[in-house]
Amino acid sequence: MTDAPVSDRPAPSVGLGPLRPAPAGLPDPNIAPPAVAESGDPFTALRVIDLLARIPRGQPVRLADIVDRLNATYLDWIFPATVVAAVLIQLGANWMADYRNLAGFELEDGPYGPALTIEDSSRVDPWIVSQALREAASCTERLAEFSRRDRLTTGD
């Protein structure tokens, strides 16, 4: 604060203008807060689908292994097994709607818990890409909606 009388201080201007350099040692504020994956969230579904696009085809893969890999890949996220299972169930329903069978995308109980088997055929990769594109579009839409708001819609 300055010792100058209030009448001698410059009036505030509109807009912030250029900023001064950050003081030495100021930490980076771009630290992402942790996220807990939620059912029905396109950001969650996109991350799950991205992993599913890479898992082996034609053999069962334990749900627990999928969850573990997601949690190891996205250290700032927590993927509960129930949420990942909800994404897999939705994808199974989408497969059924597109191909009229469940043989291509099966989530079944196995001897070591629930396991997913994705058929080993040429139709799987384009289908998974289409699922990911739909979720990515939903993510983009949510981000655009967020950027248009000038305040939170809940609370204050």
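## Salt bridges, sheet and core

Arg 123 has a relative accessibility of 28%, which makes this residue partly exposed. The structure is a predicted model, and the values given here are computed from it. The side chain of Arg 123 meets that of Glu 119 in a salt bridge, with 2.6 Å from N to O. Glu 119 has a relative accessibility of 17% and counts as buried, because buried means under 20% relative accessible area. This pair thus joins a partly exposed arginine to a buried glutamate.

The model has 5 salt bridges in total. Another of them is formed by Asp 125 and Arg 57, whose side chains meet at 3.0 Å from N to O. Asp 125 belongs to helix 4, while Arg 57 sits in the loop between helix 1 and strand 2 (61-62), so this salt bridge ties together parts of the chain that are 68 residues apart in sequence. Here the acidic partner, Asp 125, is partly exposed at 44% relative accessible area, and Arg 57 is buried at 17%. A further salt bridge links Asp 65 to Arg 62, with 2.8 Å between the closest N and O atoms. Both of these residues are partly exposed: Asp 65 has a relative accessibility of 36%, and Arg 62 has 30%.

The next topic is the sheet. It is open and is built from 3 strands in the order 2-5-4, with antiparallel pairing. Strand 2 and strand 4 are at the edges and have a single partner strand each, so each has one side without a neighbour in the sheet. Strand 4 covers residues 105-110 and is joined to strand 5 by 6 bridges, the two running antiparallel. These two strands form a hairpin, and 2 residues lie between them. Within the hairpin, Glu 106 is placed opposite Thr 117 of strand 5. Helix 3 lies across strand 4 and strand 5, and the angle between helix 3 and strand 4 is about 135°.

What lies in the interior? In soluble globular proteins, nonpolar side chains tend to be buried together. In this model the largest nonpolar core contains 28 residues, and Leu 52, Ile 66, Val 84, Leu 88 and Phe 105 are the ones with the most contacts inside it. Two or more core residues come from each of helix 1 (42-52), helix 2 (63-73), helix 3 (81-99), strand 5 (113-118) and helix 4 (124-148). Helix 3 gives the largest share, 7 residues.

Phe 105 shows how this core connects with its surroundings. Leaving out residues up to four places away in sequence, Phe 105 touches Leu 52, Leu 88, Leu 91, Gly 92, Trp 95, Leu 116, Thr 117, Ile 118 and Trp 127. Among these, Leu 52 and Leu 88 are also listed with the most contacts inside the core. Thr 117, another residue touched by Phe 105, is the one that stands opposite Glu 106 in the hairpin.

Is Gln 131, a polar residue of helix 4, buried or exposed? Gln 131 has a relative accessibility of 3% and counts as buried. Apart from neighbours within four places in sequence, Gln 131 is in contact with Ile 49, Leu 91, Asn 94 and Asp 98. Leu 91 is therefore in contact with Gln 131 as well as with Phe 105, where a contact means heavy atoms within 4.5 Å.

Key
Residues numbered from 1 in each chain as written. Predicted model: local features only at pLDDT ≥ 70, side-chain atom pairs only at ≥ 80, totals over all residues. Heavy atoms only, no water. Core = buried A, V, L, I, M, F, W, Y, C linked by side-chain atoms within 4.5 Å. Buried < 20%, exposed > 50% of the residue type's maximum accessible area, 1.4 Å probe, protein only. Helix = DSSP H or I, 4+ residues; strand = E, 2+ residues; numbered from the N terminus. Salt bridge = Lys/Arg side-chain N within 4 Å of Asp/Glu carboxyl O. Pairing = 2+ DSSP bridges. Axes fitted to C-alpha atoms, helices over the stretch in contact; angles between N-to-C directions.
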